[in-house]
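Let's take a friendly tour of the aromatic rings in this model, and of the charges that sit over some of them.

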Amino acid sequence: MSLRIGRRPRVERGEKYDLVIVGGGPAGLSAAVYAARLLLKTVVLSIDVGGQLNWTEWIDDYPGFTKIKASELINKFREHAESSGVKVVTGVEVIDVKREGDLFKIAGRGGTEVYAKTVILAVGSRRRKLGVPGEDKFQGRGVSYCSVCDAPLFKGKSAVAVVGGGDAALEGAIMLSGYVGKVYLIHRRDSFRAKPALVEDAKRRTNIEFVLNSVVTEILGEEEVKAVKVKGPKGEAVVEVDGVFVEIGQEPPTELFRRIGVETDEQGYVKVGEWMETSIPGMFAAGDATSLWRGFRQVVTAAAMGAVAAYSAYQYLLERGLLGEGK
Ligand code: NAP
């Protein structure tokens, strides 16, 4: 049976690959480029392309580009993988990977089913939620998890809150300050893990108010967000806002890893060795989903992990005499 997944390209049910890469962010697409150079029959299966690059606007620390739009950089990654001969199939949410004899069976929601001799998990991470009352109710009705995607929708509004103290929160607050009257940057500590240059930029903007040592305890509204309850050093206060941007980082897709049965660290990231090998022979991992370099998530480190994982998949096949058609 032929399965059509999203638009083109697509995979055939039961198709067999040397390598299936799960995830189309910088790690997965970089792995694809290297896998093609190593002549591995490879496909990338992913919900979409871009990974974390979809949540940011500009990249100014990827070597070779002094400043490039994140969307342009990921398109370049994709073009490079595809022009090397790797199919990048989007619209596929992989829900399980299981060994069946000599192969892995990779199952996607909706019936996708392909087989591979090796697998690279490059599934990234997902947005962390605050877990406060009102958050789910108002998602898409004032609550957003991506400032750089949704800021223009708030043009002309009186005030918004941005929660977090990392690069995403500071970048989001700066961008939003150009669209709305006032931005409350609410952070649970009084120092930031964001780049100092972003913090300085935010401090220079007169319409960004820093609300420090404070946490959001509830999001209030009727049809749409109207206010947030904030608990700080002086007690709890209700602050009127038209939107809440939750920019508090990411967490790994732990249920998927549990289903696959791959070993994870105490925070749920896939444990990898220096060659990106996981606890399951023939399965490798790369990028934000892994335990490696966890405090330093960069496009360049994700891409490096992807390259190493592809090389390791190749070595795994080479050492076992599994390279080539029909093996
Ligand atoms: P992050 O660096 O992990 O920062 C998350 C922030 O949210 C931290 O300040 C953290 O507080 C806070 N936080 C976490 N859980 C919270 C909770 N339950 N309630 C309240 N606050 C909470 O995440 P990120 O800012 O999304 O960035 C992720 C990665 O992408 C980073 O590597 C970053 O450098 C990169 N990035 C880069 C750019 C850029 O270069 N332009 C833009 C966006 C993202 P604590 O500090 O107290 O832990």
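## A stacked pair and its cluster

In this predicted model, Tyr62 counts as buried because its relative accessibility is 18%, and the cut-off for buried is under 20%. Phe65, with a relative accessible area of 28%, is partly exposed.

How many aromatic pairs are there in the model? The count comes to 6. One of them joins Tyr62 and Phe65, whose ring centres are 6.4 Å apart with 25 degrees between the planes. That pair is stacked, because planes under 30 degrees apart fall in this class. Tyr62 and Phe65 also belong to one aromatic cluster with Phe77.

## An edge-to-face pair across the chain

Next come Phe154 and Phe245, with ring centres 5.0 Å apart and planes at 65 degrees, so this pair is edge-to-face. The cut-off that matters here is an angle over 60 degrees.

Where do the two partners lie along the chain? Phe154 is in the loop between helix 3 (147-150) and strand 11 (159-163), while Phe245 belongs to strand 17 (residues 243-246). The pair thus links distant parts of the chain, 91 residues apart. Both Phe154 and Phe245 are buried.

## Charges over rings

Two arginines are worth a look as well. The charged end of Arg99 sits over the ring of Phe104, at 4.2 Å from the ring centre. For Arg297, the ring beneath the charged end is that of Tyr269, with 5.4 Å to its centre.

Notes: Residues are numbered from 1 along each chain as its sequence is written. This is a predicted model: local features need pLDDT of at least 70, side-chain atom pairs count only at pLDDT 80 or more; totals for chains, interfaces and linings use all residues. Side-chain values use heavy atoms; hydrogens and water are left out. Rings of Phe, Tyr and Trp (its six-membered ring) pair if their centres lie within 6.5 Å; planes under 30 degrees apart count as stacked, over 60 as edge-to-face and the rest as tilted. Buried means under 20% relative accessible area, exposed over 50%, partly exposed in between (1.4 Å probe, protein chains only). Helices (H or I, at least four residues) and strands (E, at least two) are DSSP runs, numbered from the N terminus. A charge sits over a ring if NZ of Lys or CZ of Arg is within 6 Å of the ring centre and within 35 degrees of the ring normal.
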